[in-house]
Amino acid sequence: MGVFEYQAVTPQGETRSGSVTANSEQEAVARIQTMGLMVMDVGSGRSATNTRSLSARLNSRTTLKQSDIVDFTRQLSVLIGAGLSLDRSLEIIRSVSRLPPLVALVEQLQEGVRGGDSYSKALEQFPEHFSNFYINFVRSAEYSGSMGSSLEELSQALDKASALREQLKSALVYPSILVLVTLASLVLIFMFVLPEFAQMFEDMNAELPASTAFILGVADWLENYSWVLFAVLLLGAWYISRKRQDEAWRLAWDTRILSLPLFGDLVSKVEVARLSRSLGTLLRGGVPLLNAMEIARDSVQNRKLANSLGNAMESLRQGSGLTAPLIEAQVFPEFALQMIQVGEESGKLDSMLLKVADIYDDEVTLATQRVLSIIEPVMIIGLGVAIGGIIMSILAAILSINEIPL
């Protein structure tokens with residue numbers, strides 16, 4: 001059993017806070033709801049010192065994360081779904097939030113709504129926090145009059161999209177550490193260890209094997225001209241950042257990425273998952289298919305796939321269905337196309353697209369594990385070969401000097 005602190009709202013819109021004892025966070029939420037309260041936030045109980053420390057960290061935050069926007073959307077959906085007005089819901093979120101940038105954001109949204117703007121119009125003033133996808137989904141919810149349920153669907157979609165991004169980031173942590181360890185090890189060896197051996201061999205006026213001479217020559221060059229290497233790396237990074245703004249170069253690069261073994265398959269599945277979830281969520285929210293395609297296309301980061309979707313949209317404008325232009329665009333795998341066709345014929349395209357997104361979220365997990373299962377041992381072996389080769393070249397020189405037969 002643990003103690004969970006909570007912040008909640010009564011059906012009349014009054015805020016409440018307290019603590020409950022439960023075995024899990026889910027059980028704590030259920031107990032709070034039995035009191036007739038709408039849960040805004042719940043977490044494990046903290047000591048007074050830890051609570052003050054957490055508040056200090058929150059108060060020091062000056063920017064909002066994507067997770068903050070997801071939480072804000074979920075809280076707003078709960079309050080509006082309970083029958084509270086938009087203005088009152090925003091007021092409650094502003095009063096219970098301990099995050100200064102969120103409080104400032106909500107205040108400005110309130111000003112826009114109170115000034116006569118629609119909520120979607122108020123959101124347009126903050127493109128750094130609310131994407132085109134988010135704003136159009138809210139606009140559709142305003143037209144349909146189902147703001148509460150629509151915001152809940154929106155928060156779930158954002159949560160899953162965020163989970164996909166975090167999964168990919170987490171998958172890159174271990175390979176990144178291996179790369180850094182490899183580079184750090186080689187830098188230490190070439191700049192600090194090998195120069196000592198070079199001085200020793202020079203004092204002995206020894207004739208070195210070719211491999212040893214090459215290794216020591218590289219170490220000597222790095223010791224004297226390492227700034228050249230760093231300058232080349234900086235220029236390379238600057239060149240790539242400039243070329244990425246060139247649409248033709250970016251299209252050619254993204255096309256090559258899709259053709260790579262393993263990596264191309266992973267990128268394709270990530271894009272299919274993103275596109276399917278965005279398109280399915282928009283359609284479920286009541287956005288027309290053509291508009292939904294145009295908005296969902298923004299979620300696709302690969303230029304090759306985005307251009308293919310642009311061609312598919314032209315077919316849609318001419319009155320064709322969705323499946324035929326997607327087949328022509330060659331964006332979706334055959335299995336996904338079959339599910340989309342079934343959804344289109346049954347009138348449940350939104351549900352089928354969301355199922356495709358869930359399936360390919362799992363496919364991304366498997367593809368990521370497959371890529372890592374190959375990259376990790378290759379990097380470890382590469383590090384071992386590099387360091388082992390250096391050690392063997394030094395040992396060869398030492399043995400030849402002492403005339404010990406190898």
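A residue is classed as buried when its relative accessible area is under 20%, as exposed when this value is over 50%, and as partly exposed in between. In the predicted model described here, Trp 253 has a relative accessible area of 36% and is therefore partly exposed, since this value falls between the two cut-offs.

Trp 253 belongs to helix H10, which spans residues 247-259 and also carries Trp 249. The two tryptophans are 4 residues apart, about one turn of the helix. A pair of aromatic rings is described by the distance of the centres and the angle of the planes.

The aromatic pairs of the model number 5. Among them, Phe 130 and Tyr 134 adopt a tilted arrangement, with 4.9 Å from centre to centre and 55° between the planes. The rings of Trp 249 and Trp 253, in contrast, are stacked, with their centres 5.5 Å apart and an angle of 10° between the planes. Both Phe 130 and Tyr 134 are buried. These two residues are further joined with Phe 72 in a cluster linked by ring pairs.

Aromatic side chains also contribute to the surface. A nonpolar patch of about 690 Å² is formed by Trp 221, Tyr 225, Trp 227, Leu 229, Phe 230 and Leu 233. Of these residues, Tyr 225 is located in helix H9, which comprises residues 210-243. Tyr 225 has a relative accessible area of 41% and is thus partly exposed, because this class covers values from 20% to 50%.

Conventions: Residues numbered from 1 in each chain as written. Predicted model: local features only at pLDDT ≥ 70, side-chain atom pairs only at ≥ 80, totals over all residues. Heavy atoms only, no water. Patch = residues over 30% accessible without salt bridge, like charges linked within 9 Å, V, L, I, M, F, W, Y side chains within 5 Å. Areas by Shrake-Rupley, 256 points an atom, 1.4 Å probe, with all protein chains shown as cover. Salt bridge = Lys/Arg side-chain N within 4 Å of Asp/Glu carboxyl O. Buried < 20%, exposed > 50% of the residue type's maximum accessible area, 1.4 Å probe, protein only. Phe/Tyr/Trp six-rings, centres within 6.5 Å; stacked < 30°, edge-to-face > 60°.
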